[in-house]
Amino acid sequence: MISALFIFNPKGDILMSKFYKNDVRRNVHEIFRIQVINSAGKYLAPQDSRLPVLTIGSTSFVSIRSGPLWLVAVARSNQDCLAILEFLYALVHLFQKIFVHDNSPLTESIILGNFVNIFEILGEVLEFGYPSNMEPSYLASVIPGLSDVKVKSIEKKDSDLRRKILGDKKAHSSSIDQAYDASRVSWREPGIKYRKNEIFLNVDEKVNVLLGRSGELLRSQIEGAIAMKCHLSGMPMCRFGFSGEGVDEDLRDTITLDDFKFHKCVDLAKYDSDQVIAFVPPDGLFQLMNYTITEAHSLPFSIVPTLTTGAERVSLNLRLTSNYSSLSTATNAILHVQVPPGVAKHTIRSSQGKAKFKSGENAIVWKFAKFFGHQTHELSIDFEIPGGSAASFKPKISLDFTLETHNASGLQVKFLKVLEKSNYRTVKWVKYCTQAGSYEVRI
Amino acid sequence: MDANYFGKCKASELRAEIGQARKKGKPNARVKVVLKKIISNIILNKVELASLMNEVVYLLTLDDYEISRLCSHYIVHYAAYNPEDALNALEIYHRFAQDKDPLLRALSVKTVSSVRQKDFFRQGLIITRPLLDDNNPHVRTAAAFAVARLFHENQVKVVDSGLIEGLNDLLYDENKNVVASALAALDSIIQSSPSHSLNVNKEHLLSLIAGIGTTSEWKQVSLLDALMSYVPQSSDDALEMMDAVLPCFLHENTAVVLNSVKLVVYLSNFIASPESNFSGLDKRLGSALVSMLSKPPEIQFLVLRNVILILLGRRYLVDVDVELFFWNLDDPMYIKDTKLEIIYLLADEGNYEIVFRELEEYATDVDVKMARKAIRAFGNLSIKLEAAADRCVALLIDLLAGESPRIAQEAMIVMTNILRKYQNTYDDTLDHFVIHYKTMEDDDAKIALSWILGNYSESITFTSEALKYLCDTYEKESVPVQLAIMTAVVKYYVANPLDAESLVLQVLKYATEESGNPDLRERGLFYWRMITHEYNAEPGPNLQKYTKHVVMERRCQITPDAENIDPANLEELELNIGTLASIYLKSVRVVFRFAKQKSLPKSPALQERRKSMSSPKKSSKETNRKHELMRLDNVRPPLYSAPRSRSTASITADSLADSVERPSESLKNKFVRRASSMMGKKHT
């Protein structure tokens, strides 16, 4: 499927190369460097106008970016392009997980600082160009250098130590057997132990809203994600639901069934037949599921703009109302009014919060450290527009906020059960949070 | 940190370092450092290091798995540059293949099969066969891929050695991961060989799907892909399979989702009415596709291209809301382009109000390039939906009055298409368009203006001013514009001989006497002879009767053509959902000359293809023409092509049709252009 894989820095220097098939030349990367990376800099082409795939003859270059770096897969003939793209993204996540420990993008120094391990990983995650096994535990069992970087659990540390002291070769083969054991789940090591069994569940929602010129709702969408952090011993089986056990009507009312996407640990067949979300969680942090809701829901904030135009003067009045309960409080509520360059502000008045004109960004920024529920605040701005093009004056208005302990969709976690052989008690934490995605007014 | 070891090295330095390390009692740590430097030179492809072969082969014998791995990378990379010294490694790998450590056995078979040397190949045949039956699944997996590598090297010998049968046996392996690896290995063999095809029975496949949840996501991809070679013998077979695959729609990995979509589309070839067998199938398929739009833009792009493909071929299988394909502010251009195409396909009488409101916003986008594309989409929609045409014309008039000349020009071009479709419906609005004649600067816009002036000279109040304005700079125009103006002037002359006489004389005089362009002169002479012919000299209302007959032929009809794609082509593309060809929406062989062609297999259950869109029936002749348009290897004729045997009037109209391209075509043409300009630099 994939014939070769490269990682470039922004200048087009090679940081990593790995060949899987003999059907491309060793200098095939030069074509990509010249055609894409270097030409991008030269003509200052906007990054987004370039397609992610370049086909020349029978050879295709499929590329993604992570931070400043380019990850490029080379394929011959007609291959599964989506699998290649998905693989490249999975590779970035894998590197982040092993070498970065958070979600910040890859950098040149991360690649070079671990180049031997990365080269080895690339040799394992693709077999003859086909994605094979990307589980860190499998990789650590076949690549000796990797176990120094990533120590997955207490057990692992133990066995590594023993291996080092005794030069015990069997440690290798037993873990490689585990990686292939079909009765085991590949994403969880056996024998994990915690003194205190805890599970954290975060329901994070991003609200994308588009409002019309009189504040009416044009489009709204919620992107939700349920993230979990598991500190659980043994091999727990978790069941999770938005409503009472077995009855699932609530769920189907709020969200259409198929708008879910589940982490690979969720048994999809079981969900399909019984509508039960059951899974053996991986250890640590992972995203259990994500969902989108496009049906109507109540907006956390409504924004009503009023625009009055004179000959060379425009006055804009904005009314910002919070619709959530007065028990919740939004933090860092910031409203941006972006104006075309050349437009000068005349006066700004606000009923509360700090409003300032930032000439660097050509925007008026209206800030609230805290915005309480069920409140309304107003902002009035007078602009002077040179050249009399007041009629076509179109400011871009967008809102940003974080709202803890509130979720826009109204989705409630009803139960979360953890079953394990040793039948321990689990402490469960559930947290809701809503944030603004693109929260905009179109004038 | 390893970064200190990254960089090009000289072979002599490394040789010295290996020598020093070997003097120590415990050389392993130092050897590893040298090997790290060697790895960095593999990455940077420094050929000179091939001379270190003997030293590296010696290091293989150190009893350390990590060192053996690193050495193997070296041997795979450099054996081609130093084949003789590399032979010494064969014996060691032969020993590794029988070692009791499975990791060494796997390493041995992987390395030996990866080296492209005859002796390694021969050795590969020998050691791979027993390892296919190894008791360790990791080794069996490695052996499975070794067969694929060896097959690439020499198909005949691998077939003779019986390795393919061994690989086939792995399909029934007790370990699912091994089965999936064997499927992937077989897939690569099938792709490169015309005589091999996958043959697995239904019960086995169903048992594989049943356990799909426990295999890794990538194994699921190979499994789903392998299921494409299953031929259902009855509708029930297909239904059973479809039922088993549907849960995969919820997977997080988009490759799994799209591969299961591909499978469902394939299986629906064998079911008379899949949507009535699975209630809500269209909704599920729709939201499976839409939910992938929250992924990164590159993935979105691929998904969107495939949404187009599925909409073209299987409209009845997907239920999606057009609003989900509206632009997001931060969408990259290539996503916006593709979304426009989808919006066009999804627009119908029921939703055009919403679609138009949205497109109106795009048309006033700050980015003029995107605004122009939106305006084109408008024009195309009003051709597709008669109900939308009035609204579109009103909007175009608004846009023309706006400040941006580029947008005004685009509006003019789009209007010509609407006129071709709706003939004389909008005669009384034409003044609003032509009044902006001074802002037309681009060739395409001027051609559009000329065409409107020529064909509707009587409905427009200031035809003569506009034409005079165009003729003032006649000498400076490009040839296509000159041709268009000439035709327009002649049409005007036919309609209104008195006003136009001086213009006709000016234009024809320049064309026949001063211009150096043969096309222009040729056409000028043609008009000249026609106008001055004695049959046309009859005074009174019959003046220029025959010229009128020739020149004022009614414009050629235009029909929406994006929805017509060659069914055979579509059928092939549906078997390739998610592949590179789905980006280009072309026959696979057109893009990739050496790709294996896929076609629907014969089966008693195979259903006749249903019509996807509810478009009005067209005569077969017309449809054929549209197929020509959709064929992507077709190069658009130059705008000023030499007059063909048909009448002059239709030449103008034809060239107009060429100048008014739809967004979809512009994108595709970009690909074609890109691909063809690269052909010269092709490498093998």
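Within chain B of this predicted model, contacts between residues at least 6 apart in sequence are mostly long-range: 70% of them join residues at least 24 apart. Chain A has a figure of its own here, with residues 24 or more positions apart making up 72% of its contacts at a separation of 6 or more. Here's a quick tour of the two chains, where they touch, and a few residues to click on.

**Chain B at a glance**
- The secondary structure of chain B is helices through and through: 37 helices and zero strands.
- Chain B has 684 residues, and 48% of them are buried.
- Take helix 7 (residues 102–114) of chain B as a sample: its 13 residues should span 18 Å at 1.5 Å a residue, and its end C-alpha atoms do sit 18 Å apart, so the two values agree.
- Helix 7 of chain B is also mostly covered, since 13 of its 13 residues count as buried, the cut-off being 20 or more other C-beta atoms within 10 Å.

**Chain A at a glance**
- Chain A mixes both kinds of element, with ten helices and 23 strands.
- Of its 443 residues, 38% count as buried.

**Where the chains meet**
- On the chain A side, 71 residues are in contact with chain B, and 83 residues of chain B are in contact with chain A.
- Helix 2 (residues 81–100) of chain A supplies the largest share of chain A's side, at six residues.
- Sorted by class, that side of chain A holds 29 nonpolar, 25 polar and 17 charged residues.

**A sheet in chain A**
- Look for an open sheet of five strands in chain A, running in the order 2-1-5-4-3 with antiparallel pairing.
- Strand 2 (14–19) and strand 3 (53–56) of chain A are the edge strands; each has a single partner strand, so one side of each goes without a neighbour in the sheet.
- From one strand to the next, the twist averages 15°.
- For a closer look at one pairing, strand 3 of chain A lines up with strand 4 (residues 59–66) of chain A in the antiparallel sense, over four bridges.
- In strand 4 of chain A, A:Thr59 is the residue that A:Ile56 stands opposite.

**The nonpolar core**
- The largest nonpolar core has 317 residues, and the members touching the most others are A:Ile84, B:Val147, B:Ile452 and B:Val489.
- If you want to see one of these up close, try B:Ile452: leaving aside neighbours within four places in sequence, B:Ile452 is in contact with B:Met415, B:Thr416, B:Leu419, B:Leu430, B:Phe433 and B:Val434.

**Two residues with positive phi**
- A:Phe128 isn't a glycine, yet its phi is positive, near 50°.
- You'll find A:Phe128 in the loop between strand 6 (126–127) and strand 7 (130–131) of chain A.
- A:Phe128 has 24 other C-beta atoms within 10 Å, and 20 or more is the cut-off, so A:Phe128 counts as buried.
- A:Asn332 is another non-glycine residue with a positive phi, near 50°.
- A:Asn332 sits in a strand, namely strand 16 (residues 329–338) of chain A.
- With 15 other C-beta atoms within 10 Å, A:Asn332 falls between the limits of 12 or fewer for exposed and 20 or more for buried, so A:Asn332 is partly exposed.

Definitions and conventions
Residues numbered from 1 in each chain as written. Chains lettered and ligands numbered in written order. Predicted model: local features only at pLDDT ≥ 70, side-chain atom pairs only at ≥ 80, totals over all residues. Contact = placed C-beta atoms within 7 Å. Nonpolar A, V, L, I, M, F, W, Y, C, P; charged D, E, K, R; others polar. Pairing = 2+ DSSP bridges. Axes fitted to C-alpha atoms, helices over the stretch in contact; angles between N-to-C directions. Expected span 1.5 Å × (residues − 1). Core = buried A, V, L, I, M, F, W, Y, C linked by C-beta atoms within 7 Å.
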